Amino acid sequence: MEVERSNHQEEDDQVVNPWEVSAKDGGKIDYDKLIDKFGCQRLDSFLIDRVQRLTGRPAHVFLRRGVFFAHRDFGEILDAYEKGDKFYLYTGRGPSSEALHLGHLIPFLFTKYLQDAFRVPLVIQLTDDEKCIWKNLSVEESIRLARENAKDIIACGFDISRTFIFSDFNYLGGAFYMNMVKVAKCVTYNKAVGIFGFTGEDNIGKVSFPPIQAVPSFPSSFPHLFKGKDHLRCLIPCAIDQDPYFRMTRDVGPRIGYEKPALIESSFFPALQGENGKMSASDPNSAIYVTDSAKDIRNKINKYAFSGGQDSIENHRRYGANLEVDISIKYLGFFLEDDLELQHICTEYAAGRMLTGEVKKRLIEVLTEVVERHRTARAAVTEEMVDAFMAVRPLPNMFT
């Protein structure tokens, strides 16, 4: 069974779970090892080509460049879609900070692409209860942060006629809660410890949370959207640290009469200081936030972005840059759309013909544009728009 694969710290030299991402001695995350450990599959060029063929759209930059690199049953989703069967998307956000950083945007930008390309509905879960349980946040503050984060999510451009955003504190109950209880009955405490690494020091809220994140994978949790469609498949775009929740879900789903959710999983957006995990909201200098000014972005990139360049211009011209560790190159790989320009920068920088300052200058331009575009979109999101996205309502045109 999939849930037998434990993800808490054993003899491994890296820890990847929903609450911690770290590698031994500050090293890089080994994604090949993670795929083997979690039991998911590598996303290959054949599947990417199928996405392009089925949607008639170019592959998203996150697909072309391997940002989304692993999956579970994505091929089955494409098989069903090719036969005319629909599916729905599910992703989420744990609202623990006032604003999102660029790493938080990755799943939402990609999910918007999937929604537009496949013309399917989307449910977005705001786990305000989770952050209240794990962080030093009151219920009231968690609810407030969820609503603020919803504005950033809406600013990504989701189609309101196909999108339902909900917060756990507001939505839990009814059919959703019934599915939670069904899941909870199927997972023993020992299984939960094996999957999530809970200890005797953890409060019982943590132990009881996993079913809450599991059941949006089941269409009957949303009777106002999917009544009578209990076998509608679900595709979950997420970072790979969320995989443990859905290994559990995929094990339980068929036992309670539902399809296994499919997943498409991303690597982590690295911290400015180096590719040793993911950005941390607790360290503002490790991340570029969507609230950062152009000056903030320039200062953070110039001061903190780890360079793969040499220690002198003479040595750099002679030996070139190490692209494997250079954060500016990593960030351009996420956000510079033009493949030819990126290849040119990589070639020139690796050969020593381009200096670190020149690469950082181009990155500052790219990220400033991304952040300014997002800030403008967010400023246009009103409280009434948040209410509209979060209203429990049917979406009659969600598959058209």
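This tour moves from the aromatic residues to a surface patch and then to the sheet. The model is predicted, and residues are numbered from 1 along each chain.

**Aromatic pairs**

Begin by displaying the rings of Phe, Tyr and Trp; the structure holds 36 aromatic pairs. Select Trp-19 and Trp-134, whose rings are stacked, with 4.8 Å from centre to centre and 10 degrees between the planes. Trp-19 belongs to the loop between β1 (14-17) and β2 (20-23), while Trp-134 belongs to helix α6 (residues 128-134), so this pair ties together parts that are 115 residues apart in sequence. Colouring by accessibility separates the two partners: Trp-19 is partly exposed, at a relative accessible area of 28%, whereas Trp-134 is buried, at 18%. The label for Trp-134 follows because buried means under 20% relative accessible area.

Next, select Tyr-81 and Phe-87. Their ring centres are 6.1 Å apart and their planes stand at 65 degrees, so the pair is edge-to-face. Tyr-81 and Phe-87 are both buried.

Now return to Trp-19 and Trp-134 and extend the selection to Tyr-90, Phe-196, Phe-198, Phe-209, Tyr-245 and Phe-246; ring pairs link these residues into a cluster.

**A charge over a ring**

Which ring has the charged end of Arg-247 over it? Select Arg-247 together with Phe-38: the charged end of the arginine sits over the Phe-38 ring, 4.6 Å from the ring centre.

**A nonpolar surface patch**

Switch to a surface representation and select Val-139, Ile-143 and Phe-169. These residues form a nonpolar patch on the surface, and their accessible area together is about 210 Å². Val-139 can be located in helix α7 (residues 139-154). With a relative accessible area of 36%, Val-139 is partly exposed.

**The seven-stranded sheet**

Change to a cartoon view for the last stop. Seven strands make an open sheet with mixed pairing, in the order β3-β4-β9-β8-β5-β6-β7. Select β3 (41-42) and β7 (163-167) to see the edge strands, each of which pairs on one side only.

Then move to β4 (residues 68-72) and β9 (residues 262-266). How do these two strands run with respect to each other, parallel or antiparallel? They run antiparallel, and four bridges join them. To inspect this pairing at the residue level, select Phe-68 and Ser-266: Phe-68 stands opposite Ser-266, which is in β9.

Technical notes
This is a predicted model: local features need pLDDT of at least 70, side-chain atom pairs count only at pLDDT 80 or more; totals for chains, interfaces and linings use all residues. Side-chain values use heavy atoms; hydrogens and water are left out. Rings of Phe, Tyr and Trp (its six-membered ring) pair if their centres lie within 6.5 Å; planes under 30 degrees apart count as stacked, over 60 as edge-to-face and the rest as tilted. Buried means under 20% relative accessible area, exposed over 50%, partly exposed in between (1.4 Å probe, protein chains only). A charge sits over a ring if NZ of Lys or CZ of Arg is within 6 Å of the ring centre and within 35 degrees of the ring normal. Patches are made of residues with over 30% relative accessible area and no salt bridge: like charges are joined within 9 Å, nonpolar side chains (Val, Leu, Ile, Met, Phe, Trp, Tyr) within 5 Å. Accessible areas come from the Shrake-Rupley method with a 1.4 Å probe; for residues, only the protein chains shown count as cover. A salt bridge is a side-chain nitrogen of Lys or Arg within 4 Å of a carboxyl oxygen of Asp or Glu. Two strands pair if DSSP finds at least two bridges between them.
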